[in-house]
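Here is a colleague's note to read with the model open beside you. Please take the points in order, and find each residue on screen before going on to the next.

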Amino acid sequence: MTSPTSPAEADVLIIGAGLAGLVAACELTDAGRRVLLLDQEPEQNLGGQAFWSFGGLLLVDSPEQRRLGIRDSYELAWQDWLGTAGFDREEDHWPRRWAEAYVQFAAGEKRSWLRRRGIRFFPVVGWAERGGYGALGPGNSVPRFHVTWGTGPAVVAPFVERVRDAARRGLLTFKFRHRVSELLVQGGAVVGAGGEVLAPSEAERGQPTSREVVGDFTFRAQAVIVTAGGIGANHELVRQNWPARLGEPPRRLLSGVPAHVDGRMLGITERAGGRIINPDRMWHYTEGIANWAPIWPQHGIRILPGPSSLWLDARGRRLPGPLYPGFDTLGTLQHLMHTGYDYSWFVLTQKIIRKEFALSGSEQNPDLTNKSVLQTFGRVRGGVPGPVASFMQHGADFVVRESLPALVEGMNALAGGEPLIELAALEREIRARDAQLTNPFGKDGQITAIRGARAYLGDRLIRTAPPHRLLDPAAGPLIAVRLNILTRKTLGGLQTDLSSRVLGADGQPVPGLYAAGEVAGFGGGGMHGYRALEGTFLGGCIFSGRAAGRAAAGAS
Ligand SMILES: Cc1cc2nc3c(=O)[nH]c(=O)nc-3n(C[C@H](O)[C@H](O)[C@H](O)COP(=O)(O)OP(=O)(O)OC[C@H]3O[C@@H](n4cnc5c(N)ncnc54)[C@H](O)[C@@H]3O)c2cc1C
C-alpha cells in the first residue's frame, strides 16, 4: 500500500466527481481505502450535474405519500416500472435485475438512508409521467416524485462534506482538471488511467472550461471506477445514437446538461474491454425553452408542466391523447419527430401558468433551493413564480397576447413568418374544447385527466389549475410557449452486474473495472429500459455508486 501523500498511487481511482463518484468515494473511504478522485473540471464544479438538478427522488410508500392519502406499494411500483421500461432485449438481463433491486431500494431503505445523511423532502409529492394508457402501460399510477428540500445542492452536500473530510484525513486526494483519455490494461485487468492535465480554470460552476493541455499523468491503482456521466451535451453522439423508431434526429437541440457531459469516457472504457449496451435509449424532453440567461452552451430549461396546457404541433394541430403535458415524455417525442418539425407549442392562460409551470433546475427554484418556507408557501398562494415571470419577459420562446388572433400572429412570427398556424382551425379547436366544460363530465380526454388530477390533494393545492375556458378573458392573457427538444439523460451505457463490475463482450467482469451512475445507464447498462418514471436518476447514482464503492472496497 502506498502513502496517502503519494497521489500517484491509491487503492482506487474514481473518474468523475459527480454524484455517483462522490457516493462511491464515501463508501471507499469509510472502509479505509485510499482514493484518487479525478475530474476534468475545476473544483468549483464538484458534484457535476446533480448540483443543478431539481432534486426529485422517486420513493415508494413514503410517509409523505401516506400523509397525502396516496396508497403505494412495491408491487405497484414494480408493475409501473415494467410497463414503463418495456424491457425487450436479450441484453436487458442485467438492466432488469438492477431495476428490480432499485425499486426495492426505493420502497425500502432509500428514504431512511438519505435521511440519516441529512436529506429532507418537501411535503407535497409531485406526479411526474402520469401515463394515461392503461394500468399495465407506462407511467406512475400515483405521485412519487419527492423534491429534496434544498433541491440538487442539498442532495450533493452530505457527500461533498464527507469526501472533504476524508481528504483532510489523508484518505482521499482530489485531482481536478485531470482528464482521462485512456485506461491502463495489463494482462486483461484495468490497473490505472492516464490522460492530460488541463489548464486551471476560474470559470463559474457549470460554465464551459478550456481544453488547453498543460501536462499529462498516469495513475495506477488496484481498481478503477468510472462515474463520468452520459452524453447529453455531445449532440453529435446524441444524433449518432438516435434510433430510427424516433424518426429523424432533431435539427435543433437544446442542452439540458453542462458541456462536461461529453460521453468521451464511454468510448475510452469500451477500448479497455467494457461493453456498451442500449446506446439508442435516451431520455430527452420535449418541453425545452432556451435559457435567456445561459450558463452552459445552448442551455435549455425544461418546463415541468401541470396537465392543463393545450399541446399543439408546429402546424397548430392538437396532440392526440394521452399526450398531455407531463404524461408520456417518450411517446410525445416519438409523435413530434414524425410531424416533420422539431418543436411544438403550449397554449395556455395566465391562470394556468400561475399554478402549473415549474422549471427544472436548482437555480430556477430559489424558494426550494434556499429552503425558504415563506417563499415556498407562495406556491400554494399562486402567482407567477419569479423565474417563470422572467422567462415570460425575456425568454425567446414566449408569446403573451390579449386575444387569440394576436397570439396566432405572434406564434407565426416567432416560427419564422410562415403562417403554419391557421387562426380559424385553432379557434375551432379551442372553442370545442372550452364547450366541453359546460357539463362536469364530457368526452375530452384531457379535461377528464385534469379533473382526475385534481382529485389528488397535492395537485389541487399547487399543480393543477381549476378547469376553465381558455378563451375566458378573466383567465388571460393568453400565452403560447414554443417548446424545443432538450437533451438530458443517457439511459444506456456500460453493462454492469449488481456489484457494478463492468462486463466485457463475453459477459464476464473486466478485472479491476467498475462503473456507476449515468455512464452505466444508472446500473446494468440501462435499468430504465426505454422510459423512466422520473426522479430515478439521482437515486440511480446513489444506489449504483454505493454498490461500486462497496464492491471495490471489498476487492482492493
Ligand atoms: C438541470 C437538471 C435537472 C435534473 N433533475 C433531476 C431530478 O430532479 N431528479 C433526478 O433523478 N435526476 C435529475 N437530473 C439528472 C441527474 O442530475 C444526473 O443524471 C446525475 O446527476 C448524473 O450524475 P453522474 O455522477 O452519473 O454524472 P455527472 O454529474 O455528469 O458527473 C460526471 C463527472 O465526470 C467528469 N468526467 C467526464 N469525463 C471525464 C474524463 N474523461 N476525465 C475526468 N473526468 C471526467 C465530468 O466532468 C463530471 O464532473 C437532472 C439533471 C440536470 C442537469
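1. Before anything else, please keep in mind that this is a predicted model. A good place to begin is a pair of threonines, where the side chains of T369 and T151 are joined by a polar contact of 2.7 Å. T369 itself belongs to helix 11, which covers residues 366-369. Once the neighbours within four places in sequence are set aside, T369 is in contact with G150, T151, P153 and S362.

2. The next point concerns the ligand, which is surrounded by 39 residues, the closest of them being D39, Q49, G56, E518 and L538. Two of these closest residues also have a listed distance between polar atoms: an N or O atom in the side chain of D39 is 2.6 Å from an oxygen atom of the ligand, while a backbone N or O atom of G56 lies 2.9 Å from a nitrogen atom of the ligand. The backbone of A20 takes part as well, with an N or O atom 3.1 Å from an oxygen atom of the ligand. Taken alone, the ligand exposes 1,000 Å², and the protein buries 99% of that area.

3. Which elements give two or more residues to the shell around the ligand? They are helix 1 (19-30), strand 6 (178-186), helix 8 (264-271), strand 17 and helix 18 (537-555). When the residues of this shell are sorted by character, 15 are nonpolar, 17 are polar and seven are charged.

4. Strand 17, which spans residues 478-490, is joined to strand 11 by four bridges, and the two strands run antiparallel. If you would like one pair to look for, Y285 has L486 in strand 17 as its bridge partner. Strand 11 also pairs with strand 12 (residues 300-305), again in the antiparallel sense, over three bridges. Here A290 stands opposite G300 in strand 12.

5. Why can strand 11 be described as largely enclosed by the rest of the structure? The reason is that nine of the nine residues in this strand, residues 282-290, are buried.

6. Strand 20 (residues 509-515) is mostly covered, since five of its seven residues are buried. Its pairing with strand 8 (residues 213-226) is parallel and rests on three bridges, and within it V226 has A515 in strand 20 as its bridge partner. Strand 19 (residues 501-503), by contrast, runs antiparallel to strand 20 and is joined to it by two bridges, with R501 standing opposite Y514. Five residues lie between the strands in the hairpin of strand 19 and strand 20, where G507 takes a positive phi near 80°.

7. Some backbone angles deserve a careful look, because most residues other than glycine have a negative phi, and most peptide bonds are trans. N278 is not a glycine, yet it has a positive phi of about 55°, and its place is in the loop between strand 10 (276-277) and strand 11. F522, likewise not a glycine, has a positive phi of about 65° and lies in the loop between strand 20 and helix 18. Are these two residues buried or exposed? N278 has a relative accessibility of 2%, so it counts as buried, and F522, also at 2%, counts as buried too, the cut-off for that word being under 20%.

8. Two peptide bonds should be checked for their cis form. The bond from G321 to P322 is cis, with omega near -5°, and P322 is found in the loop between strand 13 (310-313) and helix 9 (329-336). The bond from G476 to P477 is also cis, with omega near 5°, and P477 has its place in the loop between helix 17 (457-462) and strand 17.

9. The last point returns to helix 18, where R550 is found. In sequence R550 and L28 are 522 residues apart, but from C-alpha to C-alpha they are 6.5 Å apart in space. Not counting residues up to four places away in sequence, R550 touches E27 and W113, and a polar contact of 3.1 Å joins the side chains of R550 and E27. Is R550 buried, partly exposed or exposed? Its relative accessibility is 44%, so R550 counts as partly exposed.

Key. Residues are numbered from 1 along each chain as its sequence is written. This is a predicted model: local features need pLDDT of at least 70, side-chain atom pairs count only at pLDDT 80 or more; totals for chains, interfaces and linings use all residues. Side-chain values use heavy atoms; hydrogens and water are left out. A polar contact is a pair of N or O atoms within 3.5 Å; within protein, one must be able to donate a hydrogen and the other to accept it, and residues adjacent in sequence count only if both atoms are side-chain atoms. Contact means heavy atoms within 4.5 Å. Buried means under 20% relative accessible area, exposed over 50%, partly exposed in between (1.4 Å probe, protein chains only). Two strands pair if DSSP finds at least two bridges between them. A residue is near a molecule or strand if one of its heavy atoms lies within 4 Å of it. Accessible areas come from the Shrake-Rupley method with a 1.4 Å probe; for residues, only the protein chains shown count as cover. Ala, Val, Leu, Ile, Met, Phe, Trp, Tyr, Cys and Pro count as nonpolar, Asp, Glu, Lys and Arg as charged, and the others, Gly among them, as polar.
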